[in-house]
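Visitor: I should like to learn how to read this structure. Please take me through it one feature at a time.

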Amino acid sequence: MSVTATVPRRRRRLGIAAGASLLALAVSGCSGLGRTAVGPVTYTTGREAVLQVNSPSVRGCHRIAPAGAHEVENGTLVDVILYRTRDCTGGRTTYVPTRFSDVTAPGSRPWRSYSFVH
């Protein structure tokens, strides 16, 4: 093995190591951007309007239209908890797993907010 053959191998190894380091930095930098619940949350209001929110953030409380919703379809990859209040508090919640839907019982109050299980 000659000295000239060793230099390209070292450069190649350094290039691979540098590329791997940059990739690791890029991936870790993107993770701070916030995760989304990939897919739509679709709900029907009391006025029969169908609204859809695509890939909402998995963090925080999400308000539903002021009239509330009587039907919610969770088309995301994350489970949802539905609340009767505007601020994701209180009892009588409804758990809707991923790719499922739920409808309020006749005479019950509409859902007014939702959050994700993460």
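**Confidence, sheets and an aromatic pair**

Guide: Let us begin with confidence. This is a predicted model; the mean pLDDT of the protein is 82, and 72% of its residues reach 70 or more.

Visitor: Which elements of the protein have the lowest and the highest mean pLDDT?

Guide: Where pLDDT is low, the predicted coordinates should not be interpreted in detail. Here the lowest mean among the elements, 55, belongs to helix α1 (residues 3-30), and the highest, 97, to β8. The pLDDT is below 50 over residues 22-32, a stretch with zero contacts in the model beyond near neighbours in sequence.

Visitor: In what order do the strands of the sheet with β8 stand?

Guide: Strands of a sheet pair through backbone hydrogen bonds, in either a parallel or an antiparallel manner. In this case four strands make up an open sheet, ordered β3-β8-β5-β6, and the pairing is antiparallel. Strands β3 (62-63) and β6 (94-96) each have a single partner strand and stand at the edges, so one side of each is left without a neighbour in the sheet.

Visitor: How many bridges join β5 to β8?

Guide: Strand β5 (residues 80-83) and strand β8 (residues 113-116) run antiparallel and are joined by four bridges. Within this pairing, Leu-82 stands opposite Tyr-114 in β8.

Visitor: Which strands stand at the edges of the open sheet that contains β1?

Guide: That open sheet has four strands in the order β2-β1-β4-β7, with antiparallel pairing. Its edges are β2 (50-54) and β7 (100-103); each has a single partner strand, so one side of each lacks a neighbour in the sheet. On average, neighbouring strands of this sheet are turned by 15° against each other, direction ignored.

Visitor: What is the bridge partner of Val-41 in β2?

Guide: Strand β1 (residues 40-45) runs antiparallel to β2, and five bridges join the two. The partner of Val-41 in β2 is Val-53.

Visitor: How many aromatic pairs does the count give?

Guide: A pair of aromatic rings is described by the distance of the centres and the angle of the planes. The count comes to one aromatic pair. Tyr-114 and Phe-116 form this pair, with 5.8 Å centre to centre and 85° between the planes, an edge-to-face arrangement.

Visitor: Do these two residues count as buried or exposed?

Guide: The cut-off for buried is under 20% relative accessible area. Tyr-114 counts as buried because its relative accessibility is 2%. Phe-116, at 6% relative accessibility, counts as buried too.

Notes:
Residues numbered from 1 in each chain as written. Predicted model: local features only at pLDDT ≥ 70, side-chain atom pairs only at ≥ 80, totals over all residues. Heavy atoms only, no water. Pairing = 2+ DSSP bridges. Axes fitted to C-alpha atoms, helices over the stretch in contact; angles between N-to-C directions. Phe/Tyr/Trp six-rings, centres within 6.5 Å; stacked < 30°, edge-to-face > 60°. Buried < 20%, exposed > 50% of the residue type's maximum accessible area, 1.4 Å probe, protein only. pLDDT = per-residue confidence, 0-100. Contact = heavy atoms within 4.5 Å.
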